[in-house]
Each structure stands twice: as structure tokens, then as C-alpha cells.
Amino acid sequence: MTAPTPPQYYEHHIFFCLNKRDNGEACCADHDAQAAFDRCKSQVKSLGLNGPGKVRVNKAGCMDRCQGGPIAVVYPEGVWYTYVDEKDIDEIVESHLRDGKVVERLLTPPHLGR
């Protein structure tokens, strides 16, 4: 008999890679990942999606998906996104975090790593 899964503190966690490399290698910070993080946090709050039982927006270090960068990942689903601008961030927030629908066009190709 499997034990029941306890309720999650957050329904969704979205992590943004904000890693900066000083050696010239590709990194998410070179794609203004901080602005995307800030936009996501702002949109989540303005839509009332933040807080316990809802959505948490977090910063992350390198997630080894640099070739697909900039990168964000949504848990518990484990959906990896590549984004370009504020419109992409807004679509992730509204479609995935609010409505539960994955944004297919922004998925990071599974073979892209570091």
C-alpha cells in the first residue's frame, strides 16, 4: 500500500536560471534572465497567483541547459521553457501557472544541455 502524497505547499514552483559565467561560455544572464524573473514575479503577483497553495517564483543557479537559454522550469511538472521576451513570460504565467496548460511553442528541446 502506497502512502498518500501530502499536499504541496505551492501548486507550482517556477525557477529561473540567473547564472552568469565570466569565462565567455553561454549563460542565461547574458539573455537578461533577471528581467524575465522580475517580470514573472510581478505578473504572478498582479494576477493574485502568489502565496501558499499557489505559485512561487524563484531564482536558480546553473541548471545545465545553457544551450537552450535562457531557461525556466516549472515544477512539479518538470516543464522546461526557453523564452525571448516579456510576452513569452506573460504567456507562461497565464497559460501554465494560471490555467494549467503547457505552452508548447516555448518548450526547451529535450536534447539541449550545457
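**Reading helix 1**

Author: Helix 1 has these buried residues: A33, A36, F37, C40, Q43 and V44. Buried means under 20% relative accessible area, exposed over 50%, partly exposed in between (1.4 Å probe, protein chains only). Helices (H or I, at least four residues) and strands (E, at least two) are DSSP runs, numbered from the N terminus.

Reader: Where do they lie around the axis of helix 1?

Author: Take the directions from the helix axis to the C-beta atoms; the arc is that of these directions. The buried residues of helix 1 cover an arc of only 135°, so they sit on the same side. The face turned away from them carries the exposed K45 and S46.

Reader: What do the buried residues of helix 1 pack against?

Author: Contact means heavy atoms within 4.5 Å. Here the partners are strand 1 (12–17), strand 2 and helix 2.

Reader: What span should helix 1 have?

Author: The expected span is 1.5 Å times one less than the number of residues. For the 14 residues of helix 1 that gives 20 Å, and the end C-alpha atoms are 20 Å apart, which agrees.

Reader: Is L47 buried or exposed?

Author: L47 is partly exposed, at a relative accessible area of 35%. L47 lies in the loop between helix 1 (33–46) and strand 2 (55–60). Leaving out residues up to four places away in sequence, L47 touches V93, E94 and R98.

Reader: What confidence does the chain have?

Author: pLDDT is the predictor's confidence in each residue, from 0 to 100. The protein chain averages 92, and 96% of the residues score at least 70. This is a predicted model: local features need pLDDT of at least 70, side-chain atom pairs count only at pLDDT 80 or more, and totals for chains, interfaces and linings use all residues. Residues are numbered from 1 along each chain as its sequence is written, and side-chain values use heavy atoms, with hydrogens and water left out.
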